[in-house]
Amino acid sequence: MTRNIIVLDTTLRDGEQVPGAKMNVHQKVEFAQQLKRLRVNIIEAGFPASSAGDFQSVQQIARSVGDSVSITALARAVKSDIDAVYESIKMAQDPFIHIVLGTSSVHVEKKFNRSKDAVLQMGIDAVKYAKTLLPQVQYSTEDASRSDFEYLWRTIEAVVKAGATMINIPDTVGYAVPEEFGELIRKINERLKNLNDKVLLSVHCHNDLGLATANTLSAILNGADKIECTVNGLGERAGNTSLEEVVMALKVRENIYQCSSNIETKELLRTARLLTYLTGLDVQVNKAITGDNAFAHSSGIHQDGLLKDKNVYEIMDPRDVGAESMELVLTARSGRHAFRHAVEKLGFETGDTEQFEALFQKFLTLADLKKEVYDHDLFYLINRDREQAASGTVLYELAEFHVVTGSVQPSATIKLKRGEESLKGSATGDGPVDAIYSAIKQLTGFNTELKHYKINSISRGQEAIGRVSIGLEANGKHYAGRAMDTDIIKASALAFLNGINAALLDRDS
């Protein structure tokens with residue numbers, strides 16, 4: 001009989017701590033709904049004590065998907081943090097409070113500047129208080145892989161006796177190696193089973209040495225029943241354990257691990273693409289499972305072998321992770337039936353006739369511009385449409401623009417709409433994008449600083465869609481703006497406007 005591994009996804013908490021990965025409330029809820037389709041067991045929805053915005057996001061996620069997915073959020077070992085977690089997740093069907101407190105000497109002595117006994121008592125008090133609010137409490141021994149084992153175990157023993165129902169062992173700075181981390185988990189597991197065999201043992205690994213997936217799998221082999229991961233391995237510094245890598249390793253090498261998960265693996269690629277779309281952070285092309293080249297073969301020897309038998313060079317069926325073996329290319333002559341089939345193949349519903357017709361017309365407009373429309377194009381077209389619908393009325397819209405560039409100083413003339421109001425102006429700049437950004441800043445009167453600008457092609461062909469991702473800073477806060485178009489100057493303008501709109505909505509909320 002195989003063990004079932006519980007999967008906690010922390011993309012919305014640990015993953016979102018990556019610079020530039022900030023999502024708004026609507027985007028977080030949309031991603032949480034996709035995690036529900038992926039069938040993760042637990043969503044760590046955020047750090048509600050960090051800001052009012054994060055509290056609201058966690059609360060909305062609990063309301064949106066908390067009827068079928070367990071919801072948790074992070075708290076430091078202080079009463080106000082624990083209260084914030086409780087208030088933000090209490091409406092979920094199966095909520096639990098996640099408390100984190102360091103156990104390594106560097107954390108105890110440098111971060112807290114307290115004695116080990118004092119820090120241990122902080123953890124005990126935090127767990128006891130959390131238990132008055134919810135029956136399920138997880139305790140994370142931060143930086144466990146660099147902790148003195150006897151102090152680490154003394155902490156675990158004390159918080160379990162105080163009421164902790166889950167113990168999480170983090171490799172917070174990615175310091176561990178598989179043999180060492182596996183042995184640590186084995187020793188803790190043996191003692192924990194003797195102490196209280198109902199307490200769940202969990203791991204949370206970072207990827208600073210590129211070993212997060214290996215360490216997590218080693219932990220599973222040595223008794224861990226729960227793993228904490230992120231989609232695409234998103235996370236601080238070098239990232240976290242990649243959910244898709246661990247899940248597919250368990251599936252492909254079940255003979256070794258004797259474990260399985262509830263994850264719907266056919267949703268893996270769609271989830272990865274949605275995260276890329278929402279954050280603007282691309283995955284390396286050779287990334288395992290979700291990279292663009294994960295199932296691509298260019299070597300003549302490989303191609304010959306694949307044509308004879310796929311098993312020659314493929315250890316998993318691309319369709320098992322949601323990658324279609326054959327992509328249907330659409331054109332402006334493709335009818336509604338072909339378009340509907342392509343949309344449904346990507347996992348989107350097409351039930352509403354009016355919405356479907358509006359989407360079909362947008363597809364035709366894109367097809368006229370691009371000639372050939374691929375799955376990537378459709379995916380981003382649909383998600384852009386869904387996100388705009390969820391966000392409500394856009395504060396600023398780009399009505400018209402004209403850019404002149406060359407050896408003389410580039411200039412831009414634009415026309416914006418804000419409800420019934422029409423605004424028109426011109427500006428010069430170091431280049432066409434700088435000129436159009438200067439014109440937008442003049443018309444909106446919004447003082448903002450561009451922190452980063454990135455452009456990518458998100459599909460194939462001469463008329464490929466360009467995706468522009470920007471980061472703005474306004475009033476000490478960071479805002480992201482993203483847009484896509486076959487015209488990269490237009491996409492740049494739209495991305496800048498979307499960033500300004502996000503800042504205005506935040507200011508006025």
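# Annotated site, sheet, cores and aromatic cluster

Asp14 has a relative accessibility of 2%, so this residue counts as buried, the cut-off for buried being under 20%. The model described here is a predicted one.

**The annotated positions**

Asp14 is one of the residues that the UniProt record, an unreviewed entry, annotates as "binding site"; the annotation also covers His204, His206 and Asn240. These positions are spread over 227 residues of sequence, yet they cluster in space, with a largest C-alpha distance of 10.4 Å.

Where in the chain do Asp14 and His206 lie? Asp14 is in the loop that runs between β2 (6-9) and α1 (25-38). His206 is in the loop between β8 (200-205) and α8 (212-221). His206 has a relative accessible area of 5% and is therefore buried.

The contacts of Asp14, with neighbours within four places in sequence set aside, are His204, His206, Gly235, Glu236 and Asn240. Among these contacts are His204, His206 and Asn240, which the record also lists under "binding site". For His206, residues up to four places away in sequence are again not counted; His206 then touches Asp14, Asp171, Thr172, Val173, Gly174, Ala212, Glu236, Arg237, Gly239 and Asn240. Glu236 is thus in contact with Asp14 and is touched by His206.

**An enclosed helix**

How many of the ten residues of helix α9 (residues 243-252) are buried? Seven of the ten are buried, so the helix is largely enclosed by the rest of the structure. The buried residues of α9 are Leu243, Glu244, Val246, Val247, Met248, Ala249 and Leu250. The list includes Glu244.

**The three-stranded sheet**

An open sheet of three strands has the order β14-β15-β16, and its pairing is antiparallel. Its edge strands, β14 (449-457) and β16 (477-485), each pair on one side only. From one strand to the next, the twist averages 15°. Strands of a sheet pair through backbone hydrogen bonds, in either a parallel or an antiparallel sense.

The two strand pairs are set out below.

| Strand pair | Sense | Bridges | One bridge partner pair |
|---|---|---|---|
| β14 and β15 (residues 466-474) | antiparallel | eight | Glu449 and Glu473 |
| β15 and β16 | antiparallel | nine | Leu472 and Tyr479 |

β15 and β16 form a hairpin with two residues between the strands, and Asn475 in this hairpin takes a positive phi near 55°. β16 is an edge strand, but seven of its nine residues are buried and the strand is mostly covered.

**Nonpolar cores**

The largest nonpolar core has 113 residues, and those with the most contacts inside it are Ile43, Ile99, Ile167, Ile169 and Phe363. Helix α6 (residues 149-162) gives the most to this core, contributing nine residues. A second, separate core of 30 residues includes Leu416, Val468, Leu472 and Ala483. Leu472, in this second core, is also the residue whose bridge partner in β16 is Tyr479.

Which residues are in contact with Ile43, leaving aside its neighbours within four places in sequence? Ile43 is in contact with Asp9, Leu12, Ala32, Leu35, Val65, Val69, Ser70, Ile71 and Thr72.

**Aromatic pairs**

A search of the whole structure finds six aromatic pairs. In one of them, the ring centres of Phe339 and Phe363 are 4.7 Å apart and the planes are at 25°, so the pair is stacked; the cut-off for stacked is planes under 30 degrees apart. This pair links distant parts of the chain, with Phe339 in helix α13 (residues 336-345) and Phe363 in helix α14 (residues 353-370), 24 residues apart. Phe339 is buried, with a relative accessible area of 0%. Phe363 is likewise buried, with a relative accessible area of 0%.

Why is the pair of Phe360 and Phe363 tilted? The ring centres are 5.8 Å apart and the planes are at 35°, so the pair counts as tilted, a class that lies between the limits of under 30 degrees for stacked and over 60 for edge-to-face. Phe360 and Phe363 are both in helix α14, three residues apart, which is about one turn of the helix. An α-helix has 3.6 residues a turn, so residues three or four places apart point the same way. Both Phe360 and Phe363 are buried.

Ring pairs join Phe339, Phe356, Phe360 and Phe363 into a cluster. Phe363 also appears among the residues with the most contacts inside the largest nonpolar core.

Conventions:
Residues numbered from 1 in each chain as written. Predicted model: local features only at pLDDT ≥ 70, side-chain atom pairs only at ≥ 80, totals over all residues. Heavy atoms only, no water. UniProt positions renumbered as here; feature names shortened; annotations may be inferred. Helix = DSSP H or I, 4+ residues; strand = E, 2+ residues; numbered from the N terminus. Buried < 20%, exposed > 50% of the residue type's maximum accessible area, 1.4 Å probe, protein only. Contact = heavy atoms within 4.5 Å. Pairing = 2+ DSSP bridges. Axes fitted to C-alpha atoms, helices over the stretch in contact; angles between N-to-C directions. Core = buried A, V, L, I, M, F, W, Y, C linked by side-chain atoms within 4.5 Å. Phe/Tyr/Trp six-rings, centres within 6.5 Å; stacked < 30°, edge-to-face > 60°.
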